[in-house]
Amino acid sequence: MRICNTIEDMRAASRAARRGGKRLGLVPTMGALHEGHLSLVRAAKASCDAVAASIFVNPTQFGPAEDLAKYPRSFNRDRELLEQEGVELLFAPSVEEMYPAGAVTWVTVEGLSGKLDGRSRPGHFRGVTTVVAKLFHIVEPDAAFFGQKDAAQVAIVRRMVRDLNFPVEIVACPIVREPDGLAMSSRNAYLDEQQRKQALVLHGSLLRVKKFWDAGERRAANLVVVGCEEIAAEKSVRLDYFEIVDPDSLDAVERVAEGALVAVAAFVGTTRLIDNTVLLKPSH
């Protein structure tokens with residue numbers, strides 16, 4: 001695996017990887033890799049001739065009171081995991097490399113960036129779309145792989161790609177869960193044993209909504225109440241939002257049709273976790 005720390009080096013390496021019409025996949029990450037990230041790498045391996053990954057803890061997507069300084073960093077372990085999965089290129093730039101002194105240009109997806117996590121974390125998605133646009137320019141991948149756990153991020157990146165004519169296919173891969181249902185997240189490392197148990201209520205709230213929806217309830221307001229009740233039963237968990245939205249526009253829906261996105265964010269202790277599910281009828 002070739003490790004590139006500069007934009008120039010990464011550009012040259014990814015152009016070489018794409019020579020002869022080879023399809024290059026990109027898995028952008030902030031490191032602290034877990035099975036969820038590795039599932040993205042495997043999806044990229046399955047549909048591309050070569051795979052590049054990036055590890056960059058992007059400072060512009062963290063708010064002033066957020067966990068940038070303590071965000072888990074484990075570069076050597078991450079590098080080994082990516083190498084074991086057969087990643088050919090790893091882009092690991094410094095902050096100075098990605099954001100030249102005096103940089104004032106942002107990529108903002110208006111409207112969408114203020115919904116779901118964007119409402120709770122102002123400026124967060126502006127940081128995400130700016131860094132993802134930069135990665136797409138540097139790596140020039142044919143396809144980029146993102147986790148469905150960050151459903152709002154997927155919708156916003158898709159819209160950016162469409163609006164700015166990036167020649168990149170955006171592939172969303174299923175949420176990877178622990179055996180007990182907790183969605184895998186680098187932030188799970190912050191949870192102590194008791195909080196880890198309490199965190200299961202996020203997935204539990206989604207399952208309860210799915211159960212009521214399967215039974216025929218289609219009014220979003222009623223389904224949101226059902227989800228919020230489940231969270232409220234876990235006294236030590238503080239709800240940030242519980243919403244049922246269109247997965248592309250992120251607008252709240254009144255009638256819940258198949259394909260609607262049920263999304264939840266909550267604080268377990270000081271750790272903010274997110275989870276979601278897309279409502280689908282069982283296939284027989």
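**Figure 1. Salt bridges across the whole structure.** A search of this predicted model turns up 22 salt bridges in the whole structure. Side chains of opposite charge can pair when their charged atoms come close. The next views take some of these pairs in turn, beginning with Asp 67 and Arg 187, whose side chains form a salt bridge.

**Figure 2. Asp 67 and Arg 187, a buried pair.** Here the side chains of Asp 67 and Arg 187 meet, with 3.0 Å from N to O. The two partners come from distant parts of the chain, 120 residues apart. Asp 67 sits in the loop between β3 (50-55) and α3 (75-84), while Arg 187 belongs to the loop between β6 (169-173) and α8 (193-198). Take a moment to look at the surroundings too: both Asp 67 and Arg 187 are buried.

**Figure 3. Two salt bridges that each join a buried and a partly exposed residue.** In the first pair, Asp 78 and Arg 77 meet through their side chains at 3.4 Å, N to O. Asp 78 has a relative accessible area of 1% and is buried, whereas Arg 77, at 43%, is partly exposed. In the second pair, the side chains of Arg 219 and Glu 217 form a salt bridge of 3.1 Å, N to O. Arg 219 is partly exposed, with 47% relative accessibility, and Glu 217 is buried, with a relative accessible area of 17%. Elsewhere in this model, Arg 15, Arg 18, Glu 140 and Asp 142 are joined into one network by salt bridges that share partners.

**Figure 4. The largest nonpolar core, with Phe 136 and Leu 250.** This core holds 46 residues, and Phe 136 and Leu 250 have the most contacts inside it. Helix α6 (residues 124-139) contributes the largest share of the core, with 9 residues. Another core lies apart from this one, with 23 residues that include Ala 199, Val 209, Ala 266 and Leu 273.

**Figure 5. A closer look at Leu 250.** Which residues is Leu 250 in contact with, leaving aside its neighbours within four places in sequence? They are Leu 112, Lys 115, Leu 116, Ala 152, Ala 155, Ile 156, Val 245 and Leu 261. If you would like to follow them in the structure, Leu 250 is a good place to start, as one of the two residues with the most contacts inside the largest nonpolar core.

**Figure 6. The largest cavity and its lining.** Rolling a probe the size of a water molecule over the atoms shows where empty space is left. The structure holds 1 cavity of 30 Å³ or more, and the volume of the largest cavity is about 60 Å³. Its lining is made by Leu 182, Ala 183, Ser 185, Asn 188, Ala 199, Leu 202, His 203, Leu 273, Ile 274 and Asp 275. Two elements, α9 (200-214) and β9 (271-278), give two or more residues to this lining, and β9 gives the most, with 3 residues. Sorted by class, the lining has 6 nonpolar, 3 polar and 1 charged residues.

**Figure 7. Ala 221 in helix α10.** Is Ala 221 buried or exposed? Ala 221 counts as exposed because its relative accessibility is 53%, and exposed residues are those over 50%. The residue lies in helix α10 (residues 220-232). For a sense of distance, compare Ala 221 with Glu 258: the two are 37 residues apart in sequence and 16 Å apart in space, C-alpha to C-alpha.

Terms used. Residues are numbered from 1 along each chain as its sequence is written. This is a predicted model: local features need pLDDT of at least 70, side-chain atom pairs count only at pLDDT 80 or more; totals for chains, interfaces and linings use all residues. Side-chain values use heavy atoms; hydrogens and water are left out. A nonpolar core is a set of buried Ala, Val, Leu, Ile, Met, Phe, Trp, Tyr and Cys residues joined through side-chain atoms within 4.5 Å. Buried means under 20% relative accessible area, exposed over 50%, partly exposed in between (1.4 Å probe, protein chains only). Helices (H or I, at least four residues) and strands (E, at least two) are DSSP runs, numbered from the N terminus. Contact means heavy atoms within 4.5 Å. A salt bridge is a side-chain nitrogen of Lys or Arg within 4 Å of a carboxyl oxygen of Asp or Glu. On a 1 Å grid over the protein atoms alone, a cavity is a set of points where a 1.4 Å probe fits but cannot get out, and a pocket is an open set with protein on both sides within 12 Å along at least five of seven lines; lining residues have an atom within 4 Å of a point. Grid points are joined across faces, edges and corners, and a volume is the space filled by probe spheres set on the points. Ala, Val, Leu, Ile, Met, Phe, Trp, Tyr, Cys and Pro count as nonpolar, Asp, Glu, Lys and Arg as charged, and the others, Gly among them, as polar.
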